[in-house]
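Visitor: I'd like a close look at one part of this protein rather than the whole tour. Could you pick a spot with some empty space inside and work outwards from there?

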Amino acid sequence: MGVGVLKTYRELLPVTEATPMITLGEGDTPLVKSNRLAAELGCPELYFKLEGCNPTGSFKDRGMVVAIAKALEEGSRAIMCASTGNTSASAAAFGAYSGLPALVIIPRGEVAMGKLAQAMAYGAKIIMVNGNFDAALELVRSFTTKHEVTLVNSVNPYRLEGQKTAAFEIVDSLGDAPDYLFIPVGNAGNITAYWRGFQEYHQLGRSKTLPRMMGFQAEGAAPIVRGEPVSNPQTIASAIRIGNPASWKGALEARDGSGGAIDMVSDDEILEGYRLLASQEGIFCEPASAASFAGLIKLHKKGLDLSDRRVVCVFTGTGLKDPDLAVTSVAPQTIVVEPTLEAVEAVALS
Ligand code: AN7
């Protein structure tokens with residue numbers, strides 16, 4: 001009923017008597033069973049975690065609510081983040097909700113229109129830099145060291161604390177951890193947070209098993225796969241256009257501690273996954289999110305046996321964030337007719 005992650009998981013979050021229990025209704029997102037694509041992948045138990053159902057349309061709200069609650073508790077007067085778009089939308093929303101001015105630094109020309117529209121509507125001060133996300137994050141780190149402004153990127157430890165609640169929800173829904181968790185990787189905070197969540201639940205005895213963590217970067221922005229920072233990251237999935245992830249170490253720990261993998265998918269593979277999910281499952285996620293599913297297809301093609309495996313794909317943000325891409329990347333299916341029944345019949349029945 002929209003009680004939010006702070007109330008639902010307060011025992012497992014850094015909540016004190018003084019923490020304001022704020023919420024915009026984040027968390028408690030659907031875990032939907034695949035209806036059609038599972039069969040093609042030979043995977044009878046395939047689930048999709050729909051993080052686009054969060055209040056600002058991405059998983060960022062889970063961590064942002066905790067970061068903002070702690071900022072309020074500590075008497076913060078303003079917040080700042082760098083962003084490929086979703087973090088800025090979430091920070092701007094929670095800033096507006098709690099009366100904290102939000103400053104967002106974004107790479108010029110690289111943020112999807114829906115995300116930019118959100119930051120504007122929520123009233124953030126938007127600073128566009130002639131540089132990429134990695135440069136923007138460096139600026140935010142420098143600025144918040146010098147000035148009394150709270151940094152709310154995932155290098156703020158409260159962000160990952162909040163984001164781990166998605167792993168709790170998956171275990172609460174399934175009764176145990178899945179065998180595999182497929183997830184997109186950009187700044188690598190989310191894979192780090194999920195792994196922490198699964199481990200905490202396991203230690204508490206709420207799950208019997210731990211999942212293999214399967215992280216996917218975009219081929220043109222795959223520093224962890226390549227083992228070195230990428231100075232000019234490029235991918236159609238602008239959310240994960242990141243060349244030097246802040247939580248690099250956390251991603252490696254998730255991979256190695258779980259017996260998983262960090263791999264990459266091409267833009268074509270991402271777009272194929274994006275289209276399949278929308279047209280075959282009714283799930284419209286953003287391209288970065290589809291990287292997790294594209295990764296599953298890739299490993300299936302390589303022979304990964306999924307026949308008695310329980311698999312969860314995390315879809316981190318809604319497709320409505322990037323409507324331009326949706327319109328330009330799908331074959332046109334619209335037909336213009338005169339407003340007569342005959343004209344409609346001629347088209348509809350053909
Ligand atoms: C839809 O908003 O980095 O690996 O500045 O928006 O935790 O970074 C967004 C990242 C995946 C990658 N899917 O998560 C930002 C930002 C979507 C995203 C990621 C992002 P991390």
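Guide: Sure, and one bit of naming before we start: helices and strands here are DSSP runs, at least four residues for a helix and at least two for a strand, numbered from the N terminus. Keep in mind too that this is a predicted model.

A quick frame for the close-up: the protein has 15 helices and ten strands, and 56% of its 350 residues count as buried. The C-alpha trace spans about 65 × 50 × 45 Å along the principal axes. For 350 residues, a compact globule would come out with a radius of gyration near 20 Å, and this protein agrees with that, at 20 Å.

Now the empty space. Rolling a probe the size of a water molecule over the atoms shows where such space is left. Three cavities of 30 Å³ or more turn up, and the largest of them holds about 310 Å³. A set of 26 residues lines that largest cavity, and the ones closest to its centre are Phe59, Lys60, Gly186, Asn187 and Ala239. Which helices contribute at least two lining residues each? They are α4 (86-98), α7 (157-163) and α9 (189-203), with α9 giving the largest share, three residues. If you sort the lining by class, you get eleven nonpolar, twelve polar and three charged residues.

Let's follow Lys60 away from the cavity centre. Lys60 belongs to helix α3, which covers residues 60-73. From first C-alpha to last, α3 reaches 20 Å, close to the 20 Å you'd expect for its 14 residues at 1.5 Å a residue. How much of α3 is covered? Mostly: twelve of the 14 residues are buried. Lys60 is one of those buried residues, and so are Asp61 and Arg62. The buried list also includes Gly63, Met64, Val65 and Val66. After α3 comes Gly75, with a positive phi near 80°.

Back to the α9 side of things. In the loop between β7 and α9 sits Ala188, and its backbone is worth a look. Most residues other than glycine have a negative phi. Ala188 isn't a glycine, yet its phi is positive, about 75°. Is Ala188 buried or exposed? Buried means under 20% relative accessible area, so Ala188, at 3%, counts as buried. Compare Asp28, another residue other than glycine with a positive phi, near 55°. Asp28 is found in the loop between α1 and β1. The exposed class starts over 50%, so Asp28, with a relative accessible area of 62%, is exposed.

That α1–β1 loop also brings us to the aromatic rings. Pairs need their ring centres within 6.5 Å, and the count comes to nine aromatic pairs. In one of them, Tyr9 and Phe168 sit 5.2 Å centre to centre with 55° between the planes, which makes a tilted pair. Tyr9 lies in the loop between α1 (5-8) and β1 (31-33), while Phe168 is in helix α8 (residues 165-174), so this contact ties together parts that are 159 residues apart in sequence. Tyr9 is buried at 8% relative accessible area, and Phe168 is buried at 0%.

Strand β7, at the other end of the Ala188 loop, takes part in a ring pair as well. The rings of Phe182 and Phe216 have centres 5.9 Å apart and planes at 10°, so this pair is stacked. Phe182 is in β7 (residues 180-184) and Phe216 in β8 (residues 212-218), so the stack joins parts that are 34 residues apart in sequence. Phe182 is buried, at 0%, and Phe216 is buried too, at 1%. Elsewhere, ring pairs link Tyr201 into a cluster with Tyr9 and Phe168.

One last stop, in the loop between α10 (223-226) and α11 (248-258): that's where Val230 lies. With a relative accessible area of 19%, Val230 is buried. Val230 and Gly4 are 226 residues apart in sequence, and 37 Å separates their C-alphas.

Definitions and conventions
Residues numbered from 1 in each chain as written. Predicted model: local features only at pLDDT ≥ 70, side-chain atom pairs only at ≥ 80, totals over all residues. Heavy atoms only, no water. Expected span 1.5 Å × (residues − 1). Buried < 20%, exposed > 50% of the residue type's maximum accessible area, 1.4 Å probe, protein only. Phe/Tyr/Trp six-rings, centres within 6.5 Å; stacked < 30°, edge-to-face > 60°. 1 Å grid on protein atoms, 1.4 Å probe; cavity = no way out; pocket = protein on both sides within 12 Å on 5 of 7 lines; lining within 4 Å. Points joined across faces, edges and corners; volume = space filled by probe spheres on them. Nonpolar A, V, L, I, M, F, W, Y, C, P; charged D, E, K, R; others polar. Rg over C-alpha atoms; globule rule 2.2 N^0.38 Å.
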